[in-house]
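Dear colleague,

I am passing on to you the structure shown below, together with some notes on what was found in it. Please look through the sequence and the model first, and then read on.

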Amino acid sequence: MLALAGLPLFFLECSLGQFASLGPVSIWRILPLLQGVGVTMVVISTFVTIYYNVIIGYSLYYLFASFQSVLPWADCDPDWADDTCSKYPIVSDCNATWENGTVIHANYSWIVSHNLTCLNDTKSFAKTQVPSEQYWNKKVLQRSPGLDETGEVVWYLALCLLLSWLIVGVALFKGIKSSGKVVYFTAIFPYVVLIILLVRGVTLEGAREGIEYYIGNQSNFTKLMEAEVWKDAATQIFFSLSVAWGGLVALSSYNKFHNNCYSDAIFVCVINCLTSVFAGFAIFSILGHMAFMADKKVSEVVDSGFDLAFVAYPEALSKLPVAPLWSFLFFFMLLLLGLDSQFATIETITTTIQDSFPKVMKKMRVPVTLGLCMLLFLLGLVCVTQAGIYWVNLVDHFCAGWGILFAAVLELAGICWIYGGNRFIEDIEMMIGKKSFLFWLWWRICWFAVTPCLLLVSLPEQQNRSVGGGNMDGNANLGYQYGRSEHMSQGFQWERLRFPILQDISFIWSSECLLS
C-alpha cells in the first residue's frame, strides 16, 4: 500500500510544492476551479492543530507527573480513585466443592472464610479499573458524563496547553529558519528514546509473547487474504505519511528548484514505515511484560489511541524498576514527536497567510505567528474543560477522516486529468532532469488510475465510521480504529493519536533536509 497509495501521493505533493514554491492554497492558481481543495486542506489542518496541542498538553502533564519517586498512577489514591479501582483482578464468586461432595456457587469471600478452594475455570471477576485508567479519567481529565456537560476548565491542563503553545510559538517565530534548527533535536532524539525503550523492553519477562502477538506466532496472517485488511492498510498508510494535509506542499515550497524531490520522497516513505515497525517492537515488548505480570493474554492489555498512550503504557511503565525514569523518557518522546507534527501544521497555516499577504508577513512575521498561536490557544480551551476529551474525539473523528481522502482524490484528478499528468511530469523533469519512459510508467499508472481507485474504495468505509463509528460515552476510540481488523495492525495504531507522529519524525526530519 505504500507503493500504490502513499508514495505516489507523497512524491506528487513534494514535486508540486517545490515546482511552484507556493503553499497549499496558492498552488491552485494552476487550476482555479479546484482552489477549494487547498482551502479544505488548510481548514482541516487548522481544526486538527487546535486539538493536537491539547494532546501535547496531556504529554506535558504526564511528563511533569513523572518527577516523583512513585508514579501517581501506580496505586489507587483515595483522592481520585473509587471502589472499582484495583491493581489486581478481584474474584467476585466461583464454584467450590462442599463437604458432602456437592458443587456449590458462592461469593468468593464466603469461600475463603470456609477454607474452600475455587474449582478451575469457575472464577468470576468483579468489574474493576486499573489505577492508570482512573487517574486518566478522574484526575487528569476530570471527565464529565458527556459532551452536554462542559463543566469547568481544568486549570492545570489549561496551563500545559499554554506552555505547549509557547513552545510552538518560540520555535516558529522566525518561520523555517528557527524551526529547522529545533527540528534537528526534536526529530532525532526520539529515536534514541525508542532504542532505550526497546533494549529495556526485550529484557523483560513476557516480552517475547508481546512481540509474537505483534508479528509472530500469535498474529493471524490469514487476515491478509481479506480485502478489508488491505483497505484498512491503504487508509493507514495514507494518514501515516500525512499526505493531503497541505504540510508537504507548504514545506516543499521552500526547497531549491533543482532539489531531488524524487529521492527525498523515497527516503522519507521508507524511513517512515521502518520507524513504525521498529516502534511496534518497542511498544509490544513492554505490553507483553505487562500481560505477563497481570497473568493475562496480550490481547487483553493491548489498546489503541488515548487508552494506549495514557492508560495501558503508563500502567506497564509503573511496574518497571525505576519507573519514573522510563515514564519521563516515554512522555518526553511523545512531547518531541507531537511538537514535530505541530511545527509542520502551523507552518502550513503561516505559509498560506504569507502567500496571501506577502508584504504583511515580511514585516510582521513574528507578531502574526505569535498572534496565531494565541488565537489557537483560546480556541483550544474548550478541549481542556471537563468535557474536553469528547471535543477532541469529535473533531478528530470528523475532520481527520474521509474529508482528507476526498481532497486527495480531487487533488489527483485535478493534477493528472485536468492540468495534465504528462505536463506535470515535464514540470518535474525541469527540476530533477530528464527520465526514461519506463521510469515514469509506474508513476503514470498510480497517478492516473491505481491510487485514486484505492482512495475511492476507502471513502465509503471512512464515511461509515464517521456516521456510525461509535458512541460518545467516553469509552469509544473515535478516530483511532484504523487497521483494527488484524493483530499486526495494532502495532501501528498507537501512531494514530494523531500522533501520526512516529511517521512525522521522518516527515519533519526530511523537511529539514529538503530546506537545507
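The place to begin is the largest nonpolar core, which has 134 residues, and among these Tyr58, Trp136 and Trp447 are the ones that touch the most other members. The helix that gives the most to this core is α2, spanning residues 35-65, with 16 residues. Please keep in mind throughout that this is a predicted model.

Tyr58 deserves a look of its own, since, leaving aside residues up to four places away in sequence, Tyr58 touches Trp136, Leu141 and Leu157, as well as Phe306, Phe310, Cys383, Ile389 and Val392. Apart from the largest core lies another core, made of six residues, including Cys94, Ala106, Leu116 and Cys118. As a general background to both, nonpolar side chains tend to be buried together in soluble globular proteins.

For the chain as a whole, you will find 19 helices and three strands, and 56% of the 516 residues count as buried. Among the contacts in the chain with a separation of 6 or more, 79% are accounted for by residues 24 or more positions apart. The chain exposes about 21,400 Å², of which 64% is supplied by carbon and sulfur atoms.

The strands can be followed starting from β1, which covers residues 91-97 and pairs with β3, at residues 124-125, in the antiparallel sense over two bridges; here Val91 stands opposite Phe125. Strand β1 also pairs with β2, at residues 103-107, again in the antiparallel sense but over five bridges, and in this pairing Asp93 stands opposite Asn107. Between β1 and β2 there are five residues, the two strands forming a hairpin, and in its turn Gly101 has a positive phi of about 90°.

On the surface, Phe64, Phe67, Leu163 and Leu166 make a nonpolar patch of about 400 Å². Leu163, which belongs to helix α5 at residues 155-172, may raise a question: why does Leu163 count as partly exposed? The reason is that its relative accessibility is 31%, and a residue is called partly exposed when its relative accessible area lies between the cut-offs, with buried meaning under 20% and exposed meaning over 50%.

With kind regards

Key. Residues are numbered from 1 along each chain as its sequence is written. This is a predicted model: local features need pLDDT of at least 70, side-chain atom pairs count only at pLDDT 80 or more; totals for chains, interfaces and linings use all residues. Side-chain values use heavy atoms; hydrogens and water are left out. Two strands pair if DSSP finds at least two bridges between them. Helices (H or I, at least four residues) and strands (E, at least two) are DSSP runs, numbered from the N terminus. Patches are made of residues with over 30% relative accessible area and no salt bridge: like charges are joined within 9 Å, nonpolar side chains (Val, Leu, Ile, Met, Phe, Trp, Tyr) within 5 Å. Accessible areas come from the Shrake-Rupley method with a 1.4 Å probe; for residues, only the protein chains shown count as cover. A salt bridge is a side-chain nitrogen of Lys or Arg within 4 Å of a carboxyl oxygen of Asp or Glu. Buried means under 20% relative accessible area, exposed over 50%, partly exposed in between (1.4 Å probe, protein chains only). Contact means heavy atoms within 4.5 Å. A nonpolar core is a set of buried Ala, Val, Leu, Ile, Met, Phe, Trp, Tyr and Cys residues joined through side-chain atoms within 4.5 Å.
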